[in-house]
Amino acid sequence: MSGTGGRMGGTGGHEEPRWLDEQEKAAWTGLISLVLLLPAKLESPLRQEHGLTLFEYLVLSHLSEAPRRRLRMGELAFLASGSLSRLSNVVKRCEQRGLVVRTPDPADGRYTLAELTDAGFGIVRQAAPTHLRAVRRIVLDSLNTADQKALARIAQKLRIVPDDFG
């Protein structure tokens, strides 16, 4: 609600909410539309052409860019913007498909490494152009340089870290 109308029930004696003004409402509805609709638009071509979800692609892509194509699971979860439990499930599915292997970290056995296999690297190389075309068409081509810088700045300010990170 954007107005300052009558008192809403259920506040339990708490302070009245600060209702959104028109600018705040426009910012919020724009953001929530992006959050809810953009992932499916970016995922659709990946699913159709390569059988990958957007999150699977992000996981594989981050591994492909890592030194020796491997990362600790916690770091990978952070980079892919997912929880450790979600990442575990995705990596398990990727392991079953021969795209990733998990091993104890030789530097510290308390951690698990995810490593991209050659087959996984091949999938990323095939899927990357599809993903990049979608990113450009759906997001970047509509933004000028100033818009892109503003979007990056806003994303950094609103950065959300998964609850189980760390």
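**Pocket, core and local features of the predicted model**

The largest pocket encloses about 1800 Å³ of space. Its lining comprises 35 residues, and those closest to the centre of the pocket are Leu34, Val35, Leu38, Ser81 and Ala155. Helices α1 (22-50), α2 (54-65), α5 (118-138) and α6 (145-157) each contribute at least two residues to this lining. The greatest share comes from α1, which supplies ten residues. By residue class, the lining consists of 24 nonpolar, seven polar and four charged residues. Empty space of this kind is revealed by rolling a probe the size of a water molecule over the atoms.

The structure is a predicted model, and the protein chain has an average pLDDT of 90. A score of at least 70 is reached by 89% of the residues. Among the secondary-structure elements, mean confidence runs from 92 in α3, the lowest, to 98 in α5, the highest. Residues 4-8 stand apart from this, with pLDDT under 50 throughout. For this stretch the model contains four contacts beyond four places in sequence. Where pLDDT is low, predicted coordinates should not be read in detail.

Six helices and three strands make up the secondary structure of the protein chain. Their order along the sequence is α-α-β-α-α-β-β-α-α. Of the 166 residues in the chain, 28% are buried. Among contacts with a separation of 6 or more, 50% join residues that are 24 or more positions apart.

The largest nonpolar core contains 29 residues. Within this core, the residues with the most contacts are Val59, Leu60, Leu63, Leu76, Leu87 and Val100. Two or more core residues come from each of α1, α2, α3 (73-79), α4 (84-96), β3 (112-116) and α5. In soluble globular proteins, nonpolar side chains tend to be buried together.

Two of the core residues were examined further. Leu60 lies in helix α2 and is classed as buried because its relative accessibility is 1%, under the 20% limit. When residues up to four places away in sequence are set aside, Leu60 touches Leu52, Cys94, Leu99, Val100, Leu116, Ile123 and Val124. The C-alpha atoms of Leu60 and Ala114 are 9.7 Å apart, although 54 residues separate the two in sequence. For Val59, with the same exclusion of residues up to four places away, the contacts are Leu76, Ala80, Leu87, Val90 and Val91.

Positive phi values occur at two residues other than glycine, treated here in turn. Arg69, in the loop between α2 and β1 (70-72), has a phi of about 55°. Ser81, in the loop between α3 and α4, has a phi near 60°. Ser81 is also one of the lining residues closest to the centre of the largest pocket. With a relative accessibility of 47%, Ser81 falls between the limits of 20% and 50% and therefore counts as partly exposed.

A second serine, Ser85, is located in helix α4. Ser85 is likewise partly exposed, because its relative accessibility is 46%. Eleven residues along the chain separate Ser85 from Gly74, and the distance between their C-alpha atoms is 10.0 Å.

Definitions and conventions
Residues are numbered from 1 along each chain as its sequence is written. This is a predicted model: local features need pLDDT of at least 70, side-chain atom pairs count only at pLDDT 80 or more; totals for chains, interfaces and linings use all residues. Side-chain values use heavy atoms; hydrogens and water are left out. On a 1 Å grid over the protein atoms alone, a cavity is a set of points where a 1.4 Å probe fits but cannot get out, and a pocket is an open set with protein on both sides within 12 Å along at least five of seven lines; lining residues have an atom within 4 Å of a point. Grid points are joined across faces, edges and corners, and a volume is the space filled by probe spheres set on the points. Helices (H or I, at least four residues) and strands (E, at least two) are DSSP runs, numbered from the N terminus. Ala, Val, Leu, Ile, Met, Phe, Trp, Tyr, Cys and Pro count as nonpolar, Asp, Glu, Lys and Arg as charged, and the others, Gly among them, as polar. A nonpolar core is a set of buried Ala, Val, Leu, Ile, Met, Phe, Trp, Tyr and Cys residues joined through side-chain atoms within 4.5 Å. Buried means under 20% relative accessible area, exposed over 50%, partly exposed in between (1.4 Å probe, protein chains only). Contact means heavy atoms within 4.5 Å. pLDDT is the predictor's confidence in each residue, from 0 to 100.
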